[in-house]
Amino acid sequence: MKTSNKFTLCRLICAPILFILYFLPIWLKAPDGSAISIATFCALTILLIFAEITDYLDGHWARKNGEVSDFGKMFDPFADVFLHLSMFTCFVFSGYMPTVLFVLILYREFSQNFLRMVVAKGGTAIAARNGGKFKTVFYVISCFFVIVVEGFARTGLALIALDSGVISEDFLDKIVYVCYCFFGICAILSYISFFDYLRNFGGILKKASE
């Protein structure tokens with residue numbers, strides 16, 4: 001396997017590990033501020049940063065060393081979706097992401113994957129377009145925003161801030177609504193980029209269906 005694809009593979013491996021790290025304190029019923037909650041949050045954050053860095057490294061390495069391939073053009077966005085949908089599942093469970101937005105994004109990603117498969121069968125590999133890249137960047141931003149919010153709770157800082165009167169319950173509720181807004185924008189951007197792909201490759205899809 002080419003080095004660039006190995007970087008991509010790292011995201012696939014990281015996804016289930018991140019999922020487990022996110023839910024481990026919940027499964028173990030570890031309270032916020034406990035050693036387990038703090039340790040898993042730190043490990044989760046570091047691993048997520050590493051996973052997102054590999055998204056830059058695979059493309060940079062492929063272009064620098066002439067490893068750009070049709071396989072890589074399909075493998076890279078697949079790994080992105082695999083990683084981000086894993087994180088979004090965690091956020092739906094925790095109440096940071098409305099289920100309806102998750103389902104809408106899920107529909108979009110499956111539809112995009114189907115489009116890639118049909119077009120690939122016709123001999124064309126769909127590389128990430130600017131709209132898709134911008135959508136992915138906003139996925140990343142949204143993930144890290146929620147991780148910071150969740151970390152504020154898991155480390156016990158939220159409880160300390162509440163007890164000291166620095167913040168109120170109302171403030172925490174508003175933060176959750178901000179998370180909703182982030183994911184609402186994610187959904188909008190995902191469909192804008194999908195329609196862009198349809199505009200450019202829909203002809204192949206239509207021809208294949210005839």
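How far is the sulfur of Cys 90 from the closest cysteine sulfur, and in which residue does that closest sulfur lie? In this predicted model, the closest cysteine sulfur to that of Cys 90 belongs to Cys 143, and the two are 9.2 Å apart, which is too far for a bond. A disulfide requires a pair of cysteine sulfur atoms within 2.5 Å, and Cys 90 with its 9.2 Å does not meet that requirement, being too far from Cys 143. Cys 90 counts as buried, because its relative accessibility is 0%. A second cysteine can be followed in the same way: the sulfur of Cys 14 has its closest cysteine sulfur in Cys 10, at 6.2 Å, and this too is too far for a bond. Cys 14 is also buried, since its relative accessible area is 4%. When the whole structure is searched, the number of disulfides found is 0.

With the cysteines placed, we can turn to the protein as a whole. The protein contains 7 helices and 0 strands, and reading along its sequence gives the pattern α-α-α-α-α-α-α. Its C-alpha atoms fill a box of roughly 65 × 35 × 25 Å, when the box is taken along the principal axes. The protein has 210 residues, of which 43% count as buried. If one considers the contacts in the protein with a separation of 6 or more, 82% of them are accounted for by residues that stand 24 or more positions apart.

How do these helices lie against one another? Two packed helices are described by two quantities, the angle between their axes and the distance between those axes. Helix H2, which covers residues 35-64, packs with helix H3, residues 70-94, at an angle of about 160°, and their axes are 11 Å apart. Since an angle over 145 degrees counts as roughly antiparallel, H2 and H3 are therefore roughly antiparallel to each other. Their crossing is left-handed. On the side of H2 the contact is made by Leu 44, Leu 48, Ala 51, Glu 52, Asp 55 and Asp 58, while H3 contributes Asp 76, Asp 80, Leu 83, His 84 and Met 87. Sorted by class, this contact of H2 with H3 holds 5 nonpolar, 1 polar and 5 charged residues.

Helix H2 has another partner to consider, namely H5. The two helices H2 and H5 pack at an angle of about 170°, with 10 Å between their axes, and that angle makes H2 roughly antiparallel to H5. The residues of H2 that make this contact include Ser 37, Ile 38, Phe 41 and Leu 44, and among those that H5 brings to it are Val 140, Cys 143, Phe 144 and Ile 147. Here the residues of the contact divide into 9 nonpolar, 4 polar and 3 charged. Two leucines of H2, Leu 44 and Leu 48, are listed both in the contact with H3 and in the contact with H5.

Single residues can now be set into this picture, beginning with Asp 76, which is found in helix H3. Asp 76 counts as buried, because its relative accessibility is 19% and buried means under 20%. Leaving aside its neighbours within four places in sequence, Asp 76 is in contact with Thr 8, Arg 11, Asp 55 and Asp 58; Asp 55 and Asp 58 are the residues of that name that H2 brings to its contact with H3. Ala 153, by contrast, is found in helix H5, residues 130-154, and is partly exposed, with a relative accessible area of 23%. Not counting residues up to four places away in sequence, Ala 153 touches Asp 32 and Ala 158. The C-alpha atoms of Ala 153 and Asp 76 are separated by 33 Å, and the two residues lie 77 residues apart along the chain.

Two further residues, Lys 29 and Phe 110, are exposed. Lys 29 lies in the loop between helix H1, residues 3-27, and H2, and its relative accessible area is 72%. Its phi is near 55°, a positive value in a residue other than glycine. Phe 110 lies in helix H4, residues 99-121, and has a relative accessible area of 57%. Although Phe 110 and Tyr 191 are 81 residues apart along the chain, their C-alpha atoms are separated by 12 Å.

Terms used: Residues are numbered from 1 along each chain as its sequence is written. This is a predicted model: local features need pLDDT of at least 70, side-chain atom pairs count only at pLDDT 80 or more; totals for chains, interfaces and linings use all residues. Side-chain values use heavy atoms; hydrogens and water are left out. Axes are lines fitted to C-alpha atoms, for helices over the stretch in contact, and angles run from 0 to 180 degrees between N-to-C directions. Helices (H or I, at least four residues) and strands (E, at least two) are DSSP runs, numbered from the N terminus. Angles under 35 degrees count as roughly parallel, over 145 as roughly antiparallel, 65 to 115 as roughly perpendicular and the rest as oblique. A crossing is left-handed if the near helix is turned anticlockwise from the far one by less than a right angle, and right-handed if clockwise. Contact means heavy atoms within 4.5 Å. Ala, Val, Leu, Ile, Met, Phe, Trp, Tyr, Cys and Pro count as nonpolar, Asp, Glu, Lys and Arg as charged, and the others, Gly among them, as polar. Buried means under 20% relative accessible area, exposed over 50%, partly exposed in between (1.4 Å probe, protein chains only).
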